[in-house]
Amino acid sequence: MVTSWVLHVDLDQFIAAVEVLRRPGLRGKPVVVGGDGDPGKRGVVSTASYEARAHGVHSGQPLRTARRLCPDAVFLAVDRAAYEAASAQVMGVLRESGAVVEVMGWDEAFLQVDTPDPEAFARLLAERVRERTQLDCSVGREPITSYQFADVSRNTPAGLPNPVASLACSLFWPMPTVQSSWVASRTRRWSPRAKPSGSS
Ligand SMILES: [Mg+2]
């Protein structure tokens with residue numbers, strides 16, 4: 001039976017991954033991206049690689065704290081243009097899948113798709129993203145019926161342009177971050193690679 005599904009695509013450590021792609025020598029090293037890349041100046045961590053996170057570095061932390069926690073980390077300046085270009089490439093791949101795509105940020109999107117086999121669809125999607133962009137992502141999935149139930153229960157105004165936008169707005173816009181995270185975390189995840197906890 002063909003069922004409608006909502007897929008949640010989340011790129012793994014997106015900003016750090018983009019930086020490592022253009023500086024392959026950084027692979028496997030603690031990398032911290034934030035501000036103008038000078039940990040002696042004021043500024044906050046935009047993202048940290050898994051290796052830096054293992055030292056307690058995390059997004060939103062002052063760069064100086066990150067340097068204290070992980071003095072050997074490589075600090076890089078934020079390069080928005082590079083992340084926007086990489087993100088646009090990924091979203092292009094997602095749109096080519098034929099799904100309705102609602103972009104939620106540089107590294108995140110919801111897709112609505114009608115398929116009898118969401119796991120195969122998710123796997124193919126992640127493989128295509130990897131082939132075309134060399135970036136890894138994980139894909140969560142949930143039958144659309146449970147989202148519609150949540151939608152109705154929140155008494156969302158009708159008339160939004162597409163179901164995914166409607167769902168995304170009703171689920172995420174009015175809700176505190178903790179609840180949004182809860183929705184994302186309760187979708188069953190499939191990833192081409194095992195990934196450490198605390199990823200973004
Ligand atoms: Mg992410």
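Two strands are said to pair if DSSP finds at least two bridges between them; in this predicted model, β2 and β4 meet that condition with three bridges in the parallel sense.

**View 1. The whole chain and its confidence.** The chain has 200 residues, of which 34% count as buried, and its secondary structure comes to eight helices and eight strands. Among contacts with a separation of 6 or more, 60% are between residues 24 or more positions apart. The average pLDDT of the chain is 80, and 72% of the residues score at least 70. Residues 146–163 stay under a pLDDT of 50, and the model gives them 17 contacts beyond four places in sequence. The stretch 168–183 is likewise below 50 in pLDDT, with eleven contacts beyond near neighbours in sequence. Where pLDDT is low, the predicted coordinates should not be read in detail.

**View 2. The open sheet β3-β2-β4.** Three strands form an open sheet in the order β3-β2-β4, with mixed pairing. Because β3 and β4 stand at the edges, each with a single partner strand, one side of each is left without a neighbour in the sheet. The pairing of β2 with β4 is parallel and runs over three bridges, and within it Val32 has Phe75 of β4 as its bridge partner. Helix α1 lies across β2, β3 and β4, and runs at about 115° to β2.

**View 3. Helix α1 and what packs around it.** Helix α1 spans residues 14–22 and is mostly covered, with seven of its nine residues buried. The buried positions are Phe14, Ile15, Ala16, Ala17, Val18, Glu19 and Val20, so that the list includes a glutamate, Glu19, as well as nonpolar residues such as Phe14 and Val20. The buried residues of α1 pack against the strands β1 (3–11), β2 (31–33), β3 (47–48) and β4 (74–76), and also against helix α4 (80–96).

**View 4. The antiparallel strands β1, β6 and β5.** Strand β6 (residues 108–115) pairs with β1 in the antiparallel sense over eight bridges, and here His8 stands opposite Phe110 in β6. Strand β5 (residues 100–105) also pairs with β6 in the antiparallel sense, over five bridges, with Val100 standing opposite Gln112 in β6. The connection from β5 to β6 is a hairpin through two residues.

**View 5. The largest nonpolar core.** The largest nonpolar core holds 42 residues, and Val32 and Leu111 touch the most other members. Helix α1 gives the most to this core, with six residues. At least three residues of the core come from each of domain 1 (3–12 + 80–190) and domain 2 (17–76). Leaving aside residues up to four places away in sequence, Leu111 touches Leu7, Val9, Leu94, Ala99, Val100 and Val101. In soluble globular proteins, nonpolar side chains tend to be buried together.

**View 6. Two positive phi angles, at Gln13 and Gln134.** Most residues other than glycine have a negative phi. Gln13, which is not a glycine, nevertheless has a positive phi of about 30°, and Gln134, also not a glycine, has a positive phi of about 65°. Gln13 is found in the loop between β1 and α1, whereas Gln134 has its place in the loop between α5 and β7 (137–143). Are these loop residues buried or exposed? Gln13 counts as buried because 26 other C-beta atoms lie within 10 Å, and the cut-off for that class is 20 or more. Gln134 has 13 C-beta neighbours inside 10 Å and therefore counts as partly exposed.

**View 7. Glu131 in helix α5.** Glu131 has its place in helix α5, which covers residues 118–133. This residue is classed as exposed because it has 9 other C-beta atoms within 10 Å, where the class takes in residues with 12 or fewer. Val93 is 38 residues away from Glu131 along the chain, and the C-alpha atoms of the two are separated by 10.0 Å.

Methods: Residues numbered from 1 in each chain as written. pLDDT = per-residue confidence, 0-100. Contact = placed C-beta atoms within 7 Å. Helix = DSSP H or I, 4+ residues; strand = E, 2+ residues; numbered from the N terminus. Core = buried A, V, L, I, M, F, W, Y, C linked by C-beta atoms within 7 Å. Domains from an automatic or database assignment. Axes fitted to C-alpha atoms, helices over the stretch in contact; angles between N-to-C directions.
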